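Thanks for sharing this one; here are my notes, set out as numbered points. Please keep the model open beside you as you read.

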Amino acid sequence: MAQFRRRLILALASLIVTVAMLQLLTVNGVFGRSGRRRPSLPDHLEMPQPAKLTELSHSTWACTEELEELEVDGALAALDDHDSRASSGSKARERLVAEKESIQRRKQCVVKNMCVDGKGAFILSSGDLRKNLPKINMISADKTADTYWQPRVKYVRGRIKAHYVDEVLFVRGLYSPFHLSHYLYNSLLPLMSTMKRFNGTDRSWVLREGNAHNGFYDPKHVGNWEIQELFKQDDLVQSVTGEVTRKIYSRELVLDRDELATGFQTLPPRDAPICFREAIIGTGSQCGLGYCERNIPTSIYTEFSEKMAHTFWPAKEVWTRLVNTFNREFRLQKERNKEGVAFDRIYVQLGPTMDSIMQVAPTEEQLLSNDGSPMNCLLNTKYFNFGNPVKAPGPQMEASDRIGVANPDEHLGTEPPKRIVIALIQRESSRTVVNMAKLQDELVAKGFRVKYITFDHGCGLPATAYLLRDVDFMITPHGNAIGTSLFMPRRPHAAVLSIDNTLHDEPWFMWTTSAVGTRFLQHQNGPHNPDLDPKMYPIARNMKTALYILSYTKLKLNRGRNSHGMVDFNDPDDELLILTGGDREAIQRVKSKYEDELDKVNNFLGDYWKEAPRYVDVAKVVKIAEQVEQDSIKDANKTFVQLCLENRCCGHYCERISATENVFLRNVVGNEAAHGMLTSPNDWGKYRGSDGVARRKTTKDLAEEYIPGEQLKSWYVEF
């Protein structure tokens, strides 16, 4: 018995020591939640000066759309007074209710004197009636993601102990920030547009509040991309007496430790609230997509792209130093934090699956490589026909005279005309273009300058923008990479070819490209195209993806079995093989057997065929590339609006979409189109007419530019 007690005591002591060691490792960032952050970062903002008792008047505010909302409310009241029997479904009421909802979605508020502490933002009230401003939609995305938020009201009489910042605080929510295109078009660009409208600067502060938590936001995997360089953060200031102090210019305030990733994100100060002269709440439900209430002017996209270039590669040595700094920091972080790939919270790779985004346990091979580095895509990119002689054999690295140069073709002149630059963007885990290598060889043989790019092993925002800065024509599977067309040159008009299959396509990026001013084309080639030679284009399946989708859709299919009871992937009656085989009639037969679970079958088909491998018709795509090159010369002096009026800006989607959702009227030539919208605060959203007066477009303007309902034709249909 005594021996048993001794063993028990030793076991308990060992357990206590183990727990203590684990806690110590967790605190130091080896395991646990803190391990996902950079260990060197402080949790809370440390202000250079101590908090002071500050005399702040109670908060006041004014909101946009107030007059419009009063008019709608009055019209609804008048409708009720005029006809108390008016049904809730009357057309007049439906229009007014829809307008009321639109106003609420796009409303923004300007608040004088707002503070932030560890619990979030609050306004100051000095009276007994603690009135608050209305709840504001913080998300610029579809209605399912709308998230309404308002600050707390805090009673303050006299002075408040606080850190006072004489700057503007922009309060916004994030939508799917782990996805680059959503981060850009639904989060960052709406913020940049709001800052432009309300006179923000690179010294403005940002606060995350009201994030879309309904499946579109997870603070543990939020990603932050490298936007901190777009703001002026710290500086050393010398006083007249010679004393040198640190001055904080700008930060992004967050309320969850999991959101800390770079020195730009910080929790509010511990010792006292931080108060701001003014706060702008909400981003106004503005984006280039049809589900937003307001548009973002095209000039905002251009300014953002130019700001990226000016910030990250204004000169060769600046870009080289930045790349070296990121790579050095990446290697240091791997040494400090063996638990996870460094920078896994600073950037989000353009990977195809959530698995690649949320990876926290790297392999030994990854730890010994640059896999995951935000600059890794620079190393993986292959260049063809950029050398001297032009048609140098095999792939090359980027030529030294192009590295870090904003417009690397300027020194080439115009004689002889330079060939366009084509980016082939391959996805390795899903939506893989099976015969991309053959397309690459054909384009190279034709003399095109070709970049072969993959984002799947790590690519941050600066590196992404850098790789696209000189690309005239992008060829890529449908998905995230198309969002990077924002960084392609504007003139001559850049073009994107989305590679889809005939069982799945969607128009999401047609909206973003038309707002930016990039031509959007689509190429569908199988799996059920009767013109395809099955020997040349055999069905390509991704069974790993299929099994993964099958698991979360919880669809139980009849699988073929061999004599040992194991799944037989060669059984022609295997229903998973049928659903991933592309034969429409066979797929329909399987669907008819699952009438009670039709939603599960449709969910599986939609998700699988979105991710399925695909082919390109090499000869057809090469011919399209040649046409794009000819157009780049022919259309050099045409505006993007002119190309659209000639039905040459978004392929066959224009025929199908514009008649019902009016992509032209919304993004190109409509009353609130992105193109031509003025961005000065006083004339925001208006256009400068032929008489020089800033105003909303009229019906006459629209009739002169575009005739709705006109038959739109795909310019490349002849191919």
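1. Let me start with the salt bridge between the side chains of Arg106 and Glu99, which has an N to O distance of 3.1 Å. Please bear in mind that this is a predicted model. The two partners sit in unlike surroundings: Arg106 is buried, at 5% relative accessibility, whereas Glu99 is partly exposed, at 30%.

2. Next, have a look at Glu252 and Arg208, whose side chains form a salt bridge with N to O at 2.8 Å. Glu252 belongs to strand 12 (residues 252-253) and Arg208 to strand 9 (residues 205-208), so this pair ties together parts 44 residues apart in sequence. Both Glu252 and Arg208 are buried.

3. Another salt bridge worth a visit is the one between the side chains of Glu506 and Lys610, at 3.5 Å from N to O. Glu506 is in the loop between strand 19 (495-500) and helix 12 (508-516), while Lys610 is in helix 16 (residues 598-611), so the contact ties together parts that are 104 residues apart in sequence. Lys610 is partly exposed, with a relative accessible area of 26%.

4. How many salt bridges does a search of the whole structure find? The count is 32. Some charged residues form a network rather than an isolated pair: Arg519, Asp631, Lys634, Asp635, Lys638 and Arg648 are linked in this way by salt bridges. As a reminder, side chains of opposite charge can pair when their charged atoms come close.

5. Turning to the cysteines, a search of the whole structure gives 5 disulfides. One of them joins Cys63 and Cys109, with the sulfur atoms 1.9 Å apart. The torsion about their S-S bond is about 95 degrees, so this disulfide is right-handed. Cys63 is in strand 2 (residues 60-63) and Cys109 in strand 3 (residues 109-117), so the link ties together parts that are 46 residues apart in sequence. Why do both cysteines count as buried? The cut-off for that label is under 20% relative accessible area; Cys63 has 10% and Cys109 has 0%.

6. Cys377 and Cys459 are also joined by a disulfide, S to S 2.0 Å. This link is right-handed, with 60 degrees about the S-S bond. The disulfide connects distant parts of the chain, 82 residues apart: Cys377 is in helix 9 (residues 376-380), and Cys459 is in the loop between strand 17 (449-453) and helix 11 (461-468). Cys377 and Cys459 are both buried.

7. The disulfide of Cys644 and Cys649 has an S to S distance of 2.3 Å. The link is right-handed, with 115 degrees about the S-S bond. Cys644 is buried at 2% relative accessibility, and Cys649 is buried with a relative accessible area of 1%.

8. Is helix 11 largely enclosed or open? Of its 8 residues, 8 are buried, so helix 11 is largely enclosed by the rest of the structure. The buried residues of helix 11 include Leu461, Pro462, Tyr466 and Leu468. It is worth viewing this helix together with Cys459, which lies in the loop between strand 17 and helix 11.

9. Please also inspect Tyr155, which lies in strand 7 (residues 152-155). Tyr155 is partly exposed, with a relative accessible area of 30%. Along the chain Tyr155 and Ser125 are 30 residues apart, yet their C-alpha atoms are separated by 4.8 Å. The side chain of Tyr155 also makes a polar contact with the side chain of Arg157, at 2.6 Å.

10. My last point concerns the second largest pocket, with a volume of about 820 Å³. Its lining comprises 32 residues, and those nearest the centre are Asn407, Asp472, Pro489, Arg491 and Pro492. Which elements give two or more residues to the lining of this pocket? They are helix 5 (298-312) and helix 17 (618-634). By class, the lining has 13 nonpolar, 7 polar and 12 charged residues.

How values were computed. Residues are numbered from 1 along each chain as its sequence is written. This is a predicted model: local features need pLDDT of at least 70, side-chain atom pairs count only at pLDDT 80 or more; totals for chains, interfaces and linings use all residues. Side-chain values use heavy atoms; hydrogens and water are left out. A disulfide is a pair of cysteine sulfur atoms within 2.5 Å. Helices (H or I, at least four residues) and strands (E, at least two) are DSSP runs, numbered from the N terminus. Buried means under 20% relative accessible area, exposed over 50%, partly exposed in between (1.4 Å probe, protein chains only). A salt bridge is a side-chain nitrogen of Lys or Arg within 4 Å of a carboxyl oxygen of Asp or Glu. A polar contact is a pair of N or O atoms within 3.5 Å; within protein, one must be able to donate a hydrogen and the other to accept it, and residues adjacent in sequence count only if both atoms are side-chain atoms. On a 1 Å grid over the protein atoms alone, a cavity is a set of points where a 1.4 Å probe fits but cannot get out, and a pocket is an open set with protein on both sides within 12 Å along at least five of seven lines; lining residues have an atom within 4 Å of a point. Grid points are joined across faces, edges and corners, and a volume is the space filled by probe spheres set on the points. Ala, Val, Leu, Ile, Met, Phe, Trp, Tyr, Cys and Pro count as nonpolar, Asp, Glu, Lys and Arg as charged, and the others, Gly among them, as polar.
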